[in-house]
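Colleague: Please walk me through this model, feature by feature. Give me the general idea, then the case.

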Amino acid sequence: RAPRVNASGFFVNDAGLVLTSAAAVGSCGRVTLNEVHVAQVVAQDAELGLALLRPEDQLAPGGFATFLDGTPRLQSEIAVAGYSFGGKLPAPTLTFGTLEDLQGLGGEDTLKRLALSALPGDEGGPVYDAGGAVMGMLLPASDAGGRRLPEGVSFAAKSPDILGFLSANGVTGSAGGAAGAMAPED
């Protein structure tokens, strides 16, 4: 069987819970991680675009997200880790860009605007700052109101909203400050 939709996601705690895009799992009858582990959607927030998955198998992730605690600097370099090519590669692809604004084009305070050329498989992937902290989650491209945005415009849910969503669903997310810049390959 081939999956109908491919999206990215990331571990948010040591128990193996995964955060991804609500749009990616909204119409799915069966959700799997890496096409191997069946997962259940345990919480969704359509307004924020977030979905929380619990794998049926107990997973022990090698690491999980540390969310940025604070306000990122505009025009700072960012990276999105995602499965751009629908799982055809054994590891996520990094896509680099910049943080353009701390709100959406219509003034939405739950969004960050990114200058980033993402592919559909990247949606649900973590948006990292230069220090490796997760500053958001990449949301799917939308054609809201019949308008198509120019290439290179993407949006991300903000880390405080993600932490609030996790907390409301009984998950304690890890928050930390900026750790200084790392080389992109790190």
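Colleague: Which residues make the nonpolar surface patch of about 270 Å²?

Modeller: Some ground rules come before the patch. The model is predicted, so to speak: local features need pLDDT of at least 70, side-chain atom pairs count only at pLDDT 80 or more, and totals for chains, interfaces and linings use all residues. Residues are numbered from 1 along each chain as its sequence is written, and side-chain values use heavy atoms, with hydrogens and water left out.

Modeller: Now the patch. Patches take residues with over 30% relative accessible area and no salt bridge; like charges are joined within 9 Å, nonpolar side chains (Val, Leu, Ile, Met, Phe, Trp, Tyr) within 5 Å. Areas are Shrake-Rupley values with a 1.4 Å probe, and for residues only the protein chains shown count as cover. Here F85, L89 and L119 form the patch.

Colleague: Where is L119 placed?

Modeller: L119 sits in the loop between β9 (111-115) and β10 (126-128). Strands are DSSP runs of E, at least two residues; helices are runs of H or I, at least four; both are numbered from the N terminus.

Colleague: How is the accessibility of L119 classed, and why?

Modeller: Buried means under 20% relative accessible area, exposed over 50%, partly exposed in between (1.4 Å probe, protein chains only). L119 counts as partly exposed because its relative accessibility is 39%.

Colleague: Is V134 buried or exposed?

Modeller: V134, in strand β11 (residues 134-138), is buried at 1% relative accessible area.

Colleague: How many salt bridges does the structure hold?

Modeller: The test is a side-chain nitrogen of Lys or Arg within 4 Å of a carboxyl oxygen of Asp or Glu. The structure holds one. R113 and D101 meet at 3.8 Å, N to O. R113 lies in strand β9 and D101 in strand β8 (residues 93-101), so the pair ties together parts twelve residues apart in sequence. R113 is partly exposed at 21%, and D101 is partly exposed at 22%.

Colleague: What volume has the largest pocket?

Modeller: Rolling a probe the size of a water molecule over the atoms shows where empty space is left. On a 1 Å grid over the protein atoms alone, a pocket is an open set of points where a 1.4 Å probe fits, with protein on both sides within 12 Å along at least five of seven lines; lining residues have an atom within 4 Å of a point. Points join across faces, edges and corners, and the volume is the space filled by probe spheres set on them. Here the volume is about 1100 Å³. Of the 40 lining residues, A7, T32, L33, N34 and E35 are the closest to the centre.
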